[in-house]
Amino acid sequence: MLNNTDYKNLGFECRETHANYISYFKDGSWDQGTLKKDSCLTISAFSTCLHYGQEAFEGLKAYRRKDGKIQLFRPNDNAKRMQRSCKRLLMPEVSIEKFIDACEQVVKANEDLVPPYGTGATLYLRPFIIGVGDNLGVRPAKEYIFSVICSPVGSYFKGGLAPNNFMITTNDRAAPNGTGSYKVGGNYAASLWSHHIAKENGYADCIYLDPLTHTKIDEVGAANFFGITKDNKFITPKSSSILESITRKSLMHLAEKELGMEVIEGEVFVDKLDMFTEAGACGTAAVISPIGRIDYEDKKYTFYSETEVGPVTRKLYDMLTGIQYGDVEGPVGWVHLIK
Ligand code: PLP
Ligand code: COI
């Protein structure tokens, strides 16, 4: 355990850990992989990841349960999503077994750094794959590194369950038929400018519109959007340029099966935001962050409250985190206990 750590107020930053995992792909296959102590990599300055963004990553968390055991949430889905990203960037896939084994090794090596139950903090795992080796032309690398690094983290958005305000940007993070639905580094480089402008103007982050028509909500920074209507529907954008969030998929299931809500994946027109009584951002890092207000041009859309989480968002948060921390039994296959 980290000494004198205020886990309840831990931000989303890197902290020193004991070990991380690394595996090399050379001559057409992955090596067995190993744990190493420092988080530095030695790679060729000609690596495709440095110049052409040949990089994909994932994010998942290790949760400390009340009984002291540690569990992961839906790691198979992260592994599959990384395979899909690798295909898109012509990188070799990592098998689901290798992905989960690497995550398990990292959690076990940093067991004492998984924050205590009840603090809301977790050990964030960041699996990633990069093209390395000498290469000058724009083409896929011949060699790759797959690594899993980690850090104890708290809330991604300030205040945890306290609502945040967002502004809508007309800059795009991804193109209509581009890589928006893949978890690849280039999308995040493209988002830095709009994020910066939003922060400069006092917002937690920006909300992206669909890049083709700029009329519909796409994503909330590095999280998906959902809204709750007056007649108790859970609505979330259907778009080919957003990342298919594992958290959102889980919330859709819980809203329908546990809360009996009608769940709609559809178009969320930005000029119809007043149909929502509650709205939120969801993701692994964000968990659920209630949206207090969205500003778009000269309009301001306020949801449940700018200071308090709404009742449906609260219920969804309690159910989701209940499963993630092992207090509530979730659907079969959602939880992966570290043995
Ligand atoms: N959208 C983007 C752009 C993200 O980076 C993330 C984070 O992973 C999400 C949405 C949420 O996805 P997930 O719930 O799988 O973490
Ligand atoms: C996650 O939620 O795991 C993410 O990857 C978001 C991140 C870019 C901070």
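Where is Glu297 found? In this predicted model, Glu297 sits in the loop between strand 16 (287-296) and strand 17 (299-302). Its backbone is unusual in sign for a residue other than glycine: phi is positive, near 50°. Glu297 counts as exposed because its relative accessible area is 62%, and the cut-off for that class is over 50%. The side chain is paired. Glu297 and Lys299 meet in a salt bridge, with N and O 3.9 Å apart. Lys299 is partly exposed, at a relative accessible area of 35%. A salt-bridge network also exists, in which shared partners join Arg293, Asp295, Lys300 and Glu306.

A positive phi also occurs at Asn232, where the value is near 65°. Asn232 is likewise not a glycine. This residue belongs to the loop between strand 12 (223-229) and strand 13 (233-237). Asn232 has a relative accessibility of 35% and therefore counts as partly exposed.

Charge pairing was then examined across the model. Side chains of opposite charge can pair when their charged atoms come close. The structure holds 17 salt bridges. One of them links Arg74 to Asp77, with the closest N and O atoms 3.2 Å apart. Both of these partners are buried. Another joins Glu93 and Lys87, at 3.5 Å from N to O. What is the exposure of these two residues? Glu93 is partly exposed, with a relative accessible area of 33%. Lys87 is exposed, at 60%.

Lys61 presents another case. This lysine is located in strand 5 (residues 60-64). Lys61 is buried, yet no salt bridge is formed. How far away is the nearest side chain of opposite charge? That side chain belongs to Glu58 and is 13 Å away. The salt-bridge cut-off is 4 Å, so Glu58 is out of range by that definition. A polar partner is nevertheless present. The backbone oxygen of Thr284 lies 2.7 Å from a polar atom of the Lys61 side chain. Beyond its neighbours within four places in sequence, Lys61 is in contact with several parts of the chain. These contacts include Gln71, Leu72 and Phe73. Thr122, Leu123 and Tyr124 are also among them. Val153, Thr284, Ala285 and Val287 are further contacts of Lys61.

Phe99 is a buried aromatic residue in helix 3 (residues 96-109). Its relative accessibility is 1%, which means that Phe99 falls in the buried class. Phe99 and Asn78 are 21 residues apart along the chain, and their C-alpha atoms are separated by 8.7 Å. The two residues also touch. Outside the four places on either side in sequence, the residues touched by Phe99 include Glu58, Leu60 and Pro75. Ala79, Met82 and Val94 are among the others. Pro127 and Phe146 are touched as well. Glu58 thus appears twice in this description: as a contact of Phe99, and as the nearest oppositely charged side chain to Lys61.

The loop between strand 3 (34-36) and helix 1 (48-51) holds Ser47. Phe46 is found in the loop between strand 3 and helix 1 too. Are these neighbours buried or exposed? Ser47 counts as buried, because its relative accessibility is 0%. Phe46 counts as partly exposed, at 45%. The side chain of Ser47 reaches the backbone nitrogen of Gly133 at 3.4 Å. Ser47 also touches Gly131 and Val132, leaving aside residues up to four places away in sequence. Phe46 is in contact with Gly133 as well. Its other contacts beyond four places in sequence are His51, Asp134, Asn135 and Leu136. Phe46 and Leu136 lie 90 residues apart in sequence, but 6.4 Å apart in space, C-alpha to C-alpha.

Phe46 and Leu136 also share a surface feature. Together with Tyr52 and Val138, they make a nonpolar surface patch of about 450 Å². Val138 is placed in the loop between strand 7 (122-132) and strand 8 (143-153). With 71% relative accessibility, Val138 counts as exposed.

Terms used. Residues are numbered from 1 along each chain as its sequence is written. Chains are lettered from A and ligands numbered from 1 in the order in which they are written. This is a predicted model: local features need pLDDT of at least 70, side-chain atom pairs count only at pLDDT 80 or more; totals for chains, interfaces and linings use all residues. Side-chain values use heavy atoms; hydrogens and water are left out. Helices (H or I, at least four residues) and strands (E, at least two) are DSSP runs, numbered from the N terminus. Buried means under 20% relative accessible area, exposed over 50%, partly exposed in between (1.4 Å probe, protein chains only). Lys and Arg count as positive and Asp and Glu as negative; His and the chain ends are not counted. A polar contact is a pair of N or O atoms within 3.5 Å; within protein, one must be able to donate a hydrogen and the other to accept it, and residues adjacent in sequence count only if both atoms are side-chain atoms. Contact means heavy atoms within 4.5 Å. Patches are made of residues with over 30% relative accessible area and no salt bridge: like charges are joined within 9 Å, nonpolar side chains (Val, Leu, Ile, Met, Phe, Trp, Tyr) within 5 Å. Accessible areas come from the Shrake-Rupley method with a 1.4 Å probe; for residues, only the protein chains shown count as cover.
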